[in-house]
Amino acid sequence: MGRIVTLGELLIRLSPPGERTLKQTDQWNVYVGGAEMNVAVAFSSLGGDARTLTALPDNAVGGMALAALRKEGVDTSFIARQGSRVGLYFVEKGTSERPSKVTYDRAFSSFTGWTPENLVWDELFKGVDVLHTTGITLALGTTARQAALAVVKEASRRGIRISFDFNYRSKLWEINEAKQAFQEILPYVDICFGSSKDLTHILGYGKEEQADLVTSFMKEYDIECFASMTRTTYSNTKHTLQASVMHKQKGTAYSPAFDVTIHDRIGGGDAYAAGLLYQLVHHAGRSQEDQIQFAAAAGVLAHSIDGDAFVLAKEDVEAFIQSQDGSGVV
Ligand code: KDG
C-alpha cells in the first residue's frame, strides 16, 4: 500500500526565457507538465510511490515525455502509447506590471482519445490507496470525461480513496458544463482540493460564511476532507499563501501564512496537493496542523522551482519549515 495513481493529460510547456514574449523569442524552455502528472512527480519526489495513467503518442515526443516522468521515479507502466500528439501550452511569464499569459495548443491530443477498456483493473490498482484526478481532465471532452468517471467509479468500488482538485480552467470550458461534470464526479470523491469560490461560482452554493459553505458542500457529497489554498496577491512576483484543511470529523486546521517570491508559480497547487496526499497516505497519524503545514510548504517551494513539476525531497520541505519558524515537522 502507500501508492497513488493519477489520471490526466500530460502537457509540454514551452516558455520564452525570462520575461520575453512569444513574439520576441527565438529560444524556448521546455518543461513537462499537466496537473495530474505534476502531482505524480511531486508525490514521487517526496518519497512516495506514484503511478500515472495517461496516453502518449508512440513517437519521439511521446518518448521524451515518458522519459521525463521516469526520471522522477513515476511508474509509467500503465501509460498507453496511442494517438498522434502530445498537448502543448505556451506561457509568457508576467512581471509586476503585466500578467502571465497561457495559450493552449492541446486539441486532439493522444489523451483525448483514450479509454480505459484495455486496463486490467486488478493490476492497475494493486497497492493503491488514492486515485487523483482534476477538473482539467473532465474538461477535455466527452471521451476523457467518461474515461475519468469509469476509472473513478471502479477505484471507488474497490475502496480506493478518490482525490479531486476542481482546477477550473476558464479557457477550457463554460461554468455550466463544469458544474454538471463536477456534480457527476463528486459523489465518489473523498479528498477534495478547491476554494470557496469554486463552491459559489461553479456549484452555485450561496455566499454564506465560508465555514458553513464548506460544511454544506462536504455534507452533500459526503467528502472526507476539503483542502484550500488562499493566495493574497501583492503582484505577479510576490504573494502570501495559506492553506487549510477541513476534515469531517477532525475539524479545521490552518497552515502558517507564508510570504512567497514567485520564480515560477505553475504547479504550486499540484505540489501542495501532492504534499497533503503524501501526509494522508504516509503520516495518517500526524496532526492536521502538521499535515497542512507540510502541504503548504511544498506549494511554497514549488514557486521557487523552474518548470511545472516539483522535484524536491521531503527533507527539503522539512528544512524549509524549520527555517521559517523552527517548529517544523521532523
Ligand atoms: O496545475 C498546473 C497545470 O495547470 C499545468 O501543468 C498545465 O495541466 C495544465 C493545464 O491544463 O493548465
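Let's start at Thr 133, which has a relative accessibility of 1% and therefore counts as buried, the cut-off being under 20%. Keep in mind as we go that this is a predicted model. Thr 133 sits in strand E9, which covers residues 128-134. Its side chain has a partner a little further along: a polar contact of 3.4 Å links it to the side chain of Thr 137.

What does Thr 133 touch once you leave aside its neighbours within four places in sequence? The contacts are Leu 7, Glu 36, Val 152, Ser 163, Phe 164, Asp 165 and Ile 185. Glu 36 is a handy one to follow, since it is among the buried residues of helix H1.

So on to H1, residues 35-45. Here 11 of the 11 residues are buried, so the helix is largely enclosed by the rest of the structure. Besides Glu 36, the buried set includes Met 37, Asn 38, Phe 43 and the pair Ser 44 and Ser 45. Just after the helix comes Gly 47, with a positive phi of about 115°.

Next, have a look at a sheet. Four strands make up an open sheet in the order E3-E2-E7-E8, and the pairing is mixed. At the edges are E3 (29-33) and E8 (101-105), each of which pairs on one side only. If you ignore direction, neighbouring strands here are turned by 25° against each other on average.

Walk across the sheet from the E3 side. Strand E2, residues 11-15, runs antiparallel to E3, and five bridges join the two. One residue pair to click on is Ser 15, whose bridge partner in E3 is Asn 29. Helix H2, residues 60-71, packs on this sheet and touches both E2 and E3, with its direction at about 70° to that of E3.

Keep going and you get the parallel part of the mixed pairing: E2 and E7 run parallel and are joined by four bridges. In this pairing Arg 13 stands opposite Tyr 89 of E7. Strand E7 spans residues 87-92 and is mostly covered, with five of its six residues buried.

Which way does E7 pair with E8, parallel or antiparallel? The sense is antiparallel, over five bridges. Tyr 89 turns up again here, standing opposite Tyr 104 in E8. That makes Tyr 89 a useful residue to centre your view on: Arg 13 is opposite it in one pairing, and Tyr 104 is opposite it in the other.

Now zoom out to the whole chain. There are 11 helices and 15 strands in it. Why call the overall fold compact? A compact globule of 330 residues would have a radius of gyration near 20 Å, and the chain comes in at 19 Å, which agrees. Along the principal axes, the C-alpha atoms fill a box of roughly 50 × 45 × 40 Å.

Burial and contacts fill in the rest of the picture. Across the 330 residues, 55% count as buried. Among contacts with a separation of 6 or more, 69% are between residues 24 or more positions apart. As for the outside, the accessible surface is about 14000 Å², and carbon and sulfur atoms account for 48% of that.

Conventions. Residues are numbered from 1 along each chain as its sequence is written. This is a predicted model: local features need pLDDT of at least 70, side-chain atom pairs count only at pLDDT 80 or more; totals for chains, interfaces and linings use all residues. Side-chain values use heavy atoms; hydrogens and water are left out. Two strands pair if DSSP finds at least two bridges between them. Axes are lines fitted to C-alpha atoms, for helices over the stretch in contact, and angles run from 0 to 180 degrees between N-to-C directions. Contact means heavy atoms within 4.5 Å. The radius of gyration is taken over C-alpha atoms; the globule rule is 2.2 Å times the number of residues to the power 0.38. Buried means under 20% relative accessible area, exposed over 50%, partly exposed in between (1.4 Å probe, protein chains only). Accessible areas come from the Shrake-Rupley method with a 1.4 Å probe; for residues, only the protein chains shown count as cover. A polar contact is a pair of N or O atoms within 3.5 Å; within protein, one must be able to donate a hydrogen and the other to accept it, and residues adjacent in sequence count only if both atoms are side-chain atoms.
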